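Colleague: Could you take me through this model, one question at a time? I would like the reasoning along with each result.

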Amino acid sequence: MTETSPTALAAVVARVRGAAGALDAPAPPHGLAAFRILFGAVMAFAAARYASMGWIDSIIVAPSYHFTYAYLRWIEPVGGHLGANLQVAIIGASALALAVGIRARASAAVLFLSFTWLELTEKAAYLNHYYLVSLLALLLAIVRTDHVWALWPEREGTARWRDYWLLRGQMVMVYGFASFAKINSDWLLRGEPLHTWLQAHRGIPFVGEWLVMSEVAIAMSWGGFLFDGTIWLFLLHPRTRAPAFAVALFFHITVWSLFPIGVFSW
């Protein structure tokens, strides 16, 4: 066995220190603030939508039995009709406070706890983006994003690149896993479940008959697979970020217009 030379070890240590220093370097705060504001606004809308659709009663209050998660059987609806409505109100209020920048990390922590409790109450109502909401709210309870306030723009400080990379890393994992999960014969060879879902759009003028074709479903399935597997690379690179963001907007708004997945695309 060859021993590691002191010079090589020193080079490795220097590289690690350089990377740590780069992560701790000052960064413009506006991107973090924009993410906080938009995420909080979307979640406030989601809470209002949850209440307006009658889901508090139909999903939480009315059922006499709830499908719970293993090792989390003790998580149950809180306080009947009044408690469930109060919980959704807390989700909406904490999301608004997060968007405005009022005690941002504390507001994100309240949002994480209240939303995750509601999510874990009923396993049958699980959606993958609920899991993502919990993860992002938890990260926003850790990362400082209130350097720029929505209502008090004169309050401004310096952010750190490590905060950006925590949030970027989470989104890379979302897109990466979405692409990995599509590597199966149903998605790539049969175009399912897109082919089945697109049948509901046969009546759309001009494009309806085109959308129900199996070839179109397969092409869209491959497009989704390639989009999820590559878009994060283009979003990370400064030179391709703007066009990649435009493509991402087009992709997610198209998905939102075709399929009933709520606020996930936003």
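Colleague: Is Asp186 buried, partly exposed or exposed?
Modeller: Happy to start there, with a word on the source: this is a predicted model in which local features need pLDDT of at least 70 and side-chain atom pairs count only at pLDDT 80 or more, while totals for chains, interfaces and linings use all residues. Residues are numbered from 1 along each chain as its sequence is written, and side-chain values use heavy atoms, with hydrogens and water left out. Buried means under 20% relative accessible area, exposed over 50%, and partly exposed in between (1.4 Å probe, protein chains only). Asp186 has 39% relative accessibility, so Asp186 counts as partly exposed.

Colleague: Which residue forms a salt bridge with Asp186?
Modeller: A salt bridge here is a side-chain nitrogen of Lys or Arg within 4 Å of a carboxyl oxygen of Asp or Glu. The closest N and O atoms of this pair are 2.9 Å apart. The partner is partly exposed, at 47% relative accessibility. It is Arg190.

Colleague: Arg144 forms a salt bridge too, so which residue is its partner, given the rule?
Modeller: Arg144 is itself partly exposed, with a relative accessible area of 33%. The closest N and O atoms of the pair are 2.8 Å apart. The partner counts as buried, at 14% relative accessibility. That partner is Asp146.

Colleague: How many salt bridges does the count come to?
Modeller: Another of the pairs is Arg202 with Glu209, whose closest N and O atoms are 3.4 Å apart. By the rule, the count comes to 5.

Colleague: What is the angle between helix 4 and helix 5?
Modeller: Helices are DSSP runs (H or I, at least four residues), numbered from the N terminus. Axes are lines fitted to C-alpha atoms over the stretch in contact, and angles run from 0 to 180 degrees between N-to-C directions. Helix 4 covers residues 80-100 and helix 5 residues 104-121, with their axes 8 Å apart. The angle is about 150 degrees.

Colleague: Are helix 4 and helix 5 roughly parallel or roughly antiparallel?
Modeller: Angles under 35 degrees count as roughly parallel, over 145 as roughly antiparallel, 65 to 115 as roughly perpendicular and the rest as oblique. With an angle of about 150 degrees, the two helices are therefore roughly antiparallel.

Colleague: What separates the C-alpha atoms of Ala41 and Ala95?
Modeller: Ala41 lies in helix 2, residues 30-52. Along the chain, Ala41 and Ala95 are 54 residues apart. Their C-alpha atoms are separated by 6.6 Å.
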